[in-house]
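Hi,

Here is the structure I said I would pass on to you. Have a look at it first, and then read my notes underneath.

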Amino acid sequence: MHTHIVFFWLKDPDNADHRRRFADGLAHLVKDPRVTQSTIGGPANTARDVVENGYDFGLVATFDSLDAHNAYQTGPHHDDFLAQCKDLWSRVQVYDLA
């Protein structure tokens with residue numbers, strides 16, 4: 001199993017149209033058949049010093065294998081997401097778990 005965790009900071013987080021576009025893009029992204037499980041959301045605003053709450057969107061996607069994840073990253077859902085949403089974020093942080 002391979003888990004892909006991604007956090008996004010939007011350039012204009014108060015822009016409702018950008019937030020909708022981004023949420024729609026993430027929803028399309030996880031429709032890739034190689035994604036076995038996914039969660040999309042924003043910060044839970046938990047009040048602990050060790051919790052990062054400064055991001056705007058988070059994505060957790062699970063794959064059967066690293067090979068499936070690698071194929072997903074060059075697939076049409078991922079390409080569509082980049083084409084539609086890359087201009088909306090100012091920072092992205094990725095964590096991959098094996």
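Below is what I found in it, taken piece by piece.

Before you start, keep in mind that this is a predicted model.

**Helix 1**

Let's begin with helix 1, which covers residues 16-29. Does its length add up, or what should we expect for the span? With 14 residues at 1.5 Å each, helix 1 should span 20 Å, and its end C-alpha atoms are indeed 20 Å apart, so the two values agree.

Just at the start of this helix, Asn15 makes a polar contact: one of its side-chain oxygens comes to within 3.0 Å of the backbone nitrogen of Asp17.

Which residues of helix 1 are buried? Phe22, Gly25, Leu26 and Leu29 are. These residues take up an arc of only 100° around the axis, so they sit on the same side of helix 1. As for what covers them, the list includes strand 1, strand 2, strand 3, helix 2 (66-72), helix 3 and strand 4.

**Salt bridges**

Now for the charged residues. Side chains of opposite charge can pair when their charged atoms come close. In this model there are 5 salt bridges, and I'll take you through some of them.

Arg20 takes part in a salt bridge with Asp17, with 2.5 Å from N to O. Why can these two reach each other along the helix? They are 3 residues apart in helix 1, so about one helical turn separates them. Both ends are partly exposed: Arg20 has a relative accessibility of 44%, and Asp17 has 38%.

Arg20 also forms a salt bridge with Asp24, where the closest N and O atoms are 3.2 Å apart. Here the spacing is 4 residues within helix 1, which again means about one helical turn. Asp24 is partly exposed too, at 45% relative accessible area.

Another salt bridge joins the side chains of Asp87 and Arg21, at 3.2 Å from N to O. Asp87 is in the loop between helix 3 (76-85) and strand 4 (89-97), while Arg21 is in helix 1, so this pair ties together parts that are 66 residues apart in sequence. Asp87 is partly exposed at 43%, and so is Arg21 at 29%. Going back to the shared partners, salt bridges link Asp17, Arg20 and Asp24 into one network.

**Around Lys11**

Asp87 turns up again when you look at Lys11. You'll find Lys11 in the loop between strand 1 and helix 1, and it counts as exposed, with a relative accessibility of 54%. Which residues does Lys11 touch, once its neighbours within four places in sequence are left aside? They are Asp87, Leu88, Trp89 and Ser90. The side chain of Lys11 also reaches the backbone oxygen of Asp87, at 3.1 Å. Try finding Lys86 as well: Lys11 and Lys86 are 75 residues apart in sequence, but their C-alpha atoms are 10 Å apart in space.

**Strand 3 and its partners**

Next, take strand 3, residues 57-63. Is this strand mostly covered or mostly open? It is mostly covered, since 6 of its 7 residues are buried.

Strand 3 pairs with two other strands. With strand 1 (residues 2-10), the pairing is antiparallel and runs over 7 bridges; in it, Phe8 stands opposite Phe57 of strand 3. With strand 2 (residues 35-41), the pairing is also antiparallel, over 6 bridges. There, Val35 has Phe63 of strand 3 as its bridge partner.

**Two more residues to click on**

His77 belongs to helix 3. Is His77 buried or exposed? Its relative accessible area is 17%, and the cut-off for buried is under 20%, so His77 counts as buried. Apart from its neighbours within four places in sequence, His77 contacts His28, Leu29, Lys31, Asp32 and Pro33.

The other one is Asn45, in the loop between strand 2 and strand 3. Most residues other than glycine have a negative phi. Asn45, though, has a positive phi, near 55°. Asn45 is exposed as well, with a relative accessible area of 56%.

Have fun looking around!

Cheers

Note on methods. Residues numbered from 1 in each chain as written. Predicted model: local features only at pLDDT ≥ 70, side-chain atom pairs only at ≥ 80, totals over all residues. Heavy atoms only, no water. Salt bridge = Lys/Arg side-chain N within 4 Å of Asp/Glu carboxyl O. Buried < 20%, exposed > 50% of the residue type's maximum accessible area, 1.4 Å probe, protein only. Pairing = 2+ DSSP bridges. Contact = heavy atoms within 4.5 Å. Expected span 1.5 Å × (residues − 1). Arc of directions from axis to C-beta. Polar contact = N/O pair within 3.5 Å; in protein donor to acceptor, adjacent residues only side chain to side chain.
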